[in-house]
Amino acid sequence: MRLAAIFAITASLFTTPAYAEDSDHVSELGEVRLLHGWAREPEGHGDTLQVYFELEHNGATPATLTGAASEIATSAQVMAASLKAGETPVVLGTFPLTPGEHFDLGPETVFIQLGGITDHLHEGDEIEMTVAIEPFGEVELHVEILDHDADNHAHAGHNH
């Protein structure tokens with residue numbers, strides 16, 4: 001019995017805690033959590049990148065997604081997909097977050113568009129960006145570059 005307890009304690013010292021494995025998938029700021037940042041690999045040598053992620057507003061304070069920035073881009077805008085297929089996305093500027101709600105930024109909804117990208121990004125690359133949410137401030141978000149046909153992050157929808 002004692003040997004089993006010693007083995008269990010020793011084994012726990014060498015395993016990675018679940019929160020450490022999730023650190024690239026979850027960013028927290030005030031009452032808001034950002035999860036599973038991803039973008040599609042740009043086709044050709046495009047200079048824009050649409051970034052998507054899940055937003056969880058777990059509090060009661062009204063909040064607004066006000067913008068973003070990344071070292072690989074000269075601009076970043078909060079955008080909305082057009083309701084009509086093939087039309088240009090619309091600049092929102094800001095996006096209100098409803099307290100107590102979960103919202104998925106995605107290709108058919110709202111997203112962050114990074115512009116002026118000179119790096120050639122490929123599937124498997126990773127970037128960092130800063131997301132601004134008022135009144136809480138700014139938070140770093142890890143973004144994975146997926147296949148140009150991807151519909152969502154591989155971990156989307158599971159709990160952290």
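Where is the place of Ser-27? I started my notebook with this small puzzle, and I found Ser-27 in strand E1, which covers residues 26-29. A reminder to myself before going on: this is a predicted model.

**Entry 1: the whole chain**

I stepped back to see the overall layout. I counted two helices and 11 strands in the chain. Reading from the N terminus, I noted the order α-α-β-β-β-β-β-β-β-β-β-β-β. I then looked up burial, and 39% of the 160 residues count as buried. For the accessible surface of the chain I wrote down about 9,400 Å², with 53% of it belonging to carbon and sulfur atoms. I also checked how far the contacts reach along the sequence. Taking contacts between residues at least 6 apart in sequence, I found that 68% join residues at least 24 apart.

**Entry 2: back to Ser-27**

Is Ser-27 buried or exposed? I read a relative accessibility of 11%, so Ser-27 counts as buried. Next I asked what Ser-27 touches, leaving out residues up to four places away in sequence. My list has Val-32, Arg-33, Leu-34, Val-139, Glu-140 and Leu-141. One of these partners sits a long way off in the chain: Leu-141 is 114 residues from Ser-27, yet their C-alpha atoms are separated by 6.2 Å.

**Entry 3: Arg-33 and its partners**

Arg-33 was on the Ser-27 list, and I followed it up. How many salt bridges does the count come to? I got two, and Arg-33 turned up in each of the pairs I looked at. With Glu-28, the closest N and O atoms are 3.9 Å apart. With Glu-56, the closest N and O atoms are 2.9 Å apart. Arg-33 lies in strand E2 and Glu-56 in strand E3, so this pair ties together parts that are 23 residues apart in sequence. I drew the three residues, Glu-28, Arg-33 and Glu-56, as one linked network of salt bridges.

I then looked up how covered each member is. Arg-33 is buried, with a relative accessible area of 13%. Glu-56 counts as buried too, because its relative accessibility is 18% and the limit for buried is under 20%. Glu-28 counts as exposed, at 54% relative accessibility.

**Entry 4: His-36, in strand E2**

I stayed in strand E2, where His-36 has its place. The phi angle of His-36 is near 55°, a positive value in a residue other than glycine. I also noted that His-36 is buried, with a relative accessible area of 1%.

**Entry 5: Glu-41 and the loop after E2**

Moving on, I found Glu-41 in the loop between strand E2 (32-40) and strand E3 (48-57). At 19% relative accessibility, Glu-41 counts as buried. Which residues is Glu-41 in contact with, leaving aside neighbours within four places in sequence? I listed Leu-121, His-122, Glu-123, Ile-145, Leu-146, Asp-147 and His-148. I looked up one of these pairs in detail: Glu-41 and Glu-123 are 82 residues apart along the chain, and their C-alpha atoms are separated by 5.6 Å.

**Entry 6: Gly-124**

Gly-124 comes in the loop between strand E9 (110-115) and strand E10. I noted Gly-124 as exposed, at 57% relative accessibility. I also checked Gly-124 against Asp-147, which is 23 residues away along the chain, and read 8.2 Å between their C-alpha atoms.

**Entry 7: a negative patch**

Which residues gather in a patch of negative charge on the surface? I wrote down Glu-71, Glu-126, Glu-128, Glu-134, Glu-138 and Glu-140. Strand E10 (126-134) and strand E11 (137-146) each supply at least two residues of this patch. The largest share, three residues, comes from E10. Glu-126 is placed in that strand.

**Entry 8: a cis bond**

My last stop was Glu-134, a member of the negative patch. The peptide bond from Glu-134 to Pro-135 is cis, with omega near 10°. Pro-135 has its place in the loop between E10 and E11. Those two strands are the ones I had just noted as each giving at least two residues to the patch, and I closed the notebook there.

Conventions. Residues are numbered from 1 along each chain as its sequence is written. This is a predicted model: local features need pLDDT of at least 70, side-chain atom pairs count only at pLDDT 80 or more; totals for chains, interfaces and linings use all residues. Side-chain values use heavy atoms; hydrogens and water are left out. Patches are made of residues with over 30% relative accessible area and no salt bridge: like charges are joined within 9 Å, nonpolar side chains (Val, Leu, Ile, Met, Phe, Trp, Tyr) within 5 Å. Accessible areas come from the Shrake-Rupley method with a 1.4 Å probe; for residues, only the protein chains shown count as cover. A salt bridge is a side-chain nitrogen of Lys or Arg within 4 Å of a carboxyl oxygen of Asp or Glu. Lys and Arg count as positive and Asp and Glu as negative; His and the chain ends are not counted. The place of a charge is taken as NZ of Lys, CZ of Arg, CG of Asp or CD of Glu. Helices (H or I, at least four residues) and strands (E, at least two) are DSSP runs, numbered from the N terminus. Buried means under 20% relative accessible area, exposed over 50%, partly exposed in between (1.4 Å probe, protein chains only). Contact means heavy atoms within 4.5 Å.
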